[in-house]
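Q: I am new to this structure. Please pick one part, look at it closely, and then work outward to what lies around it.

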Amino acid sequence: MRKSKVFLLLLILVCLSITTPAFSEIKTSTNSEGFVKISDIIPEVIQEIRYFSTYNFVGARIDGYNAPIAYMTKEGVTALRKASEDFKRQGYVIKIYDAYRPQQGVNHFKRWAKDLSDTKMKSTFYPNIDKTKLFKLGFIASRSGHSRGSTIDMTLVNIKTGKEIDMGGVFDFFGEISHHDTKQITAKQKANRKILKDTMTKYGFRPYSNEWWHYTLNNEPYEETYFDFPVE
């Protein structure tokens, strides 16, 4: 009787070890079927994909970015198109810095953040922050909503002038001025950020408090999957 109880306990433990994933395990996929090129759905969109270039906080082209193209889930683009139409009525067009981000790109950021000797872009993107604090302050992460495919980094361009509107801070600047609640910007710059925020939230996106340019679809279709197909 005692042996049978011990055997049953061992059987339960074995089953749990097989069916319960490790806490740190990431569900990844290379299936791109649920994604589309944003420009195919919103032709007027402007794309300045910074991670395909060397003008970013790393100072090099990021792994997985083989072309300057913005991808997004079909659900994300559908909502973004509605926002785009609203922005056009207000006199603006969307400019995209980043959208879907391969997990290999996130891994590239992680390696860079741990290499404390590489600070060549510090004066441009994080002049007042110690590189050792980038994880703690939320500017670098092991996982990114971008890799789930329904997050976008963006700003607005005035249709008449062809110039970006003044947001009081630049994309990917690591500092307090990038926060939505910063006191370091003017009333006009705050109003410009509000135009972006109000319209994006109206169409189902939520902001990230640390980055004025960052928005994620509330009802994203892949909440637990991090994709890793290349941008090409």
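**A buried arginine and the sheet beyond it**

A: R50 is buried: its relative accessible area is 10%, and a residue counts as buried under 20%. The model is a predicted one, so every value here is computed from predicted atoms. Where does R50 lie? It sits in the loop between β3 (46-47) and β4 (71-73). Which residues does R50 touch? Leaving out residues up to four places away in sequence, R50 touches Y55, N56, Y97, F125 and F171.

Now step from the loop to the sheet. β3, the strand on one side of that loop, belongs to an open sheet of five strands. The order is β3-β5-β6-β8-β7, and the pairing is mixed. β3 and β7 are the edge strands, each pairing on one side only.

Walk across that order. β5 covers residues 92-98. β5 and β6 run antiparallel and are joined by six bridges. One pair can be named: V93 has V157 in β6 as its bridge partner. Next come β6 and β8, antiparallel again, with three bridges. Here I152 stands opposite Y215 in β8. Last are β7 and β8, also antiparallel, with four bridges between them. Y208 faces E211 in β8 across this pairing. The link from β7 to β8 is a hairpin through two residues.

How much of β8 is buried? Seven of its seven residues are, so the strand is mostly covered. In a regular strand, side chains alternate between the two faces of the sheet.

β8 also leads to the largest pocket. That pocket holds about 370 Å³ of space. Its lining has 25 residues. Which of them lie nearest the centre? They are G138, S144, Y208, E211 and H214. Y208 and E211 have already appeared as the residues that stand opposite each other. Which elements give two or more residues to the lining? They are α4 (103-114), β6 (151-158), β7 (205-208) and β8 (211-217). The largest share, four residues, comes from β8. By class, the lining has eleven nonpolar residues, seven polar ones and seven charged ones.

Back along the chain, helix α3 spans residues 74-90. Its 17 residues should span 24 Å at 1.5 Å a residue. The end C-alpha atoms are 25 Å apart, which agrees. Which residues of α3 are buried? They are G76, V77, A79, L80, A83, S84, D86 and F87. An α-helix has 3.6 residues a turn, so residues three or four places apart point the same way. The buried list of α3 includes G76, A79, L80, A83 and F87. After α3 comes G91, with a positive phi near 100°. Strand β5 covers residues 92-98.

Finally, the whole chain. How many helices and strands does the protein chain have? It has six helices and nine strands. Of its 232 residues, 46% count as buried; R50 is a buried residue too. Take the contacts with a separation of 6 or more: residues 24 or more positions apart account for 76% of them.

Notes:
Residues are numbered from 1 along each chain as its sequence is written. This is a predicted model: local features need pLDDT of at least 70, side-chain atom pairs count only at pLDDT 80 or more; totals for chains, interfaces and linings use all residues. Side-chain values use heavy atoms; hydrogens and water are left out. The expected span of a helix is 1.5 Å times one less than its number of residues. Buried means under 20% relative accessible area, exposed over 50%, partly exposed in between (1.4 Å probe, protein chains only). On a 1 Å grid over the protein atoms alone, a cavity is a set of points where a 1.4 Å probe fits but cannot get out, and a pocket is an open set with protein on both sides within 12 Å along at least five of seven lines; lining residues have an atom within 4 Å of a point. Grid points are joined across faces, edges and corners, and a volume is the space filled by probe spheres set on the points. Ala, Val, Leu, Ile, Met, Phe, Trp, Tyr, Cys and Pro count as nonpolar, Asp, Glu, Lys and Arg as charged, and the others, Gly among them, as polar. Two strands pair if DSSP finds at least two bridges between them. Contact means heavy atoms within 4.5 Å.
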